[in-house]
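Student: Please take a close look at one part of this structure and describe it in full.

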Amino acid sequence: TGITGATGVTGDTGVTGIGVTGSTGAPGATGVTGATGVTGETGVTGATGVGVTGSTGDTGPTGTTGATGVTGDTGVTGATGVGVTGGTGATGATGATGATGVTGATGTSVTSNSAFAENTNGTIVVILGGTLIALPNNQNIGTGITVNGTNDTFTLTNAGRYYISYKINLTVALAIQSRILLNGTAIPASVVSPTLSLSQLQSDFIVTVTAGSTIQFQLFGLIATAVLSPPGATLNIIQLS
């Protein structure tokens, strides 16, 4: 084929003719739906609106009370709690004093079986083996105790426990000893044995005796003449039980 020549200049459009419009042709087939476009970004959420609260409506009438339901079974009794003990209440007022009871019968006193005697200013010649001290002055002898004619031996009628005490005052200090004899034998608790010369000797003790026992007061352990100084030599005997 030969080479196409250059296109010439387009001429002026001619006058449109008056023609009758032809019949509309049948619709063409629907074209293929194009692909869905990309979804656009979500816009900014608008501000939440605040609506005015509406007025409260009138309360409706109270409904009819329903029938009482069946009473359920009694539940299991719970464990008994242990409460804290309450504080002690205030002490009540003291009641009136009751009437005094009848005085009982007077009991027997064993201390009535007692004796006191002394030698106020005698002179006693003491030998080593011992010299009994006579106690003839100011005797106060109760029931149950007797003294012999020479006032140097006391007899205890009743058995029991006795409290005995004695004291000797001398005009001159001597290295002399003193003791009480029970039935002729020295009672150890009664013995006073000073290591130095003394002008006063004394002792007290409790002893248990049998009925009819004898008590004697004695100086011993030194050959000397002991001159008593008032109140001299004194002896107390008291039954305790």
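Tutor: What follows deals with strand 11 and its surroundings. The model is predicted, so local features need pLDDT of at least 70 and side-chain atom pairs count only at pLDDT 80 or more, while totals for chains, interfaces and linings use all residues. Residues are numbered from 1 along each chain as its sequence is written, and side-chain values use heavy atoms, with hydrogens and water left out.

Strand 11 covers residues 213-220; strands are DSSP runs of E, at least two residues long, numbered from the N terminus. Seven of its eight residues are buried, so strand 11 is largely enclosed by the rest of the structure (buried means under 20% relative accessible area, with a 1.4 Å probe and protein chains only).

Strands pair if DSSP finds at least two bridges between them. Strand 8 (residues 177-182) runs antiparallel to strand 11 and is joined to it by six bridges; here leucine 182 has isoleucine 215 as its bridge partner. Strand 6 (residues 154-156) pairs antiparallel over three bridges, and leucine 156 is partnered by serine 213. With strand 3 (residues 131-132) there are two antiparallel bridges, and leucine 132 stands opposite glutamine 218.

The structure holds one aromatic pair (Phe, Tyr or Trp rings, the last by its six-membered ring, with centres within 6.5 Å; planes under 30 degrees apart are stacked, over 60 edge-to-face, the rest tilted). The rings of tyrosine 166 and phenylalanine 217 have centres 4.7 Å apart and planes at 50 degrees, so the pair is tilted. Tyrosine 166 belongs to strand 7 (residues 160-174), 51 residues from phenylalanine 217 in strand 11. Tyrosine 166 is buried at 3% relative accessible area, and phenylalanine 217 is buried at 1%.

How values were computed:
Helices (H or I, at least four residues) and strands (E, at least two) are DSSP runs, numbered from the N terminus. Buried means under 20% relative accessible area, exposed over 50%, partly exposed in between (1.4 Å probe, protein chains only).
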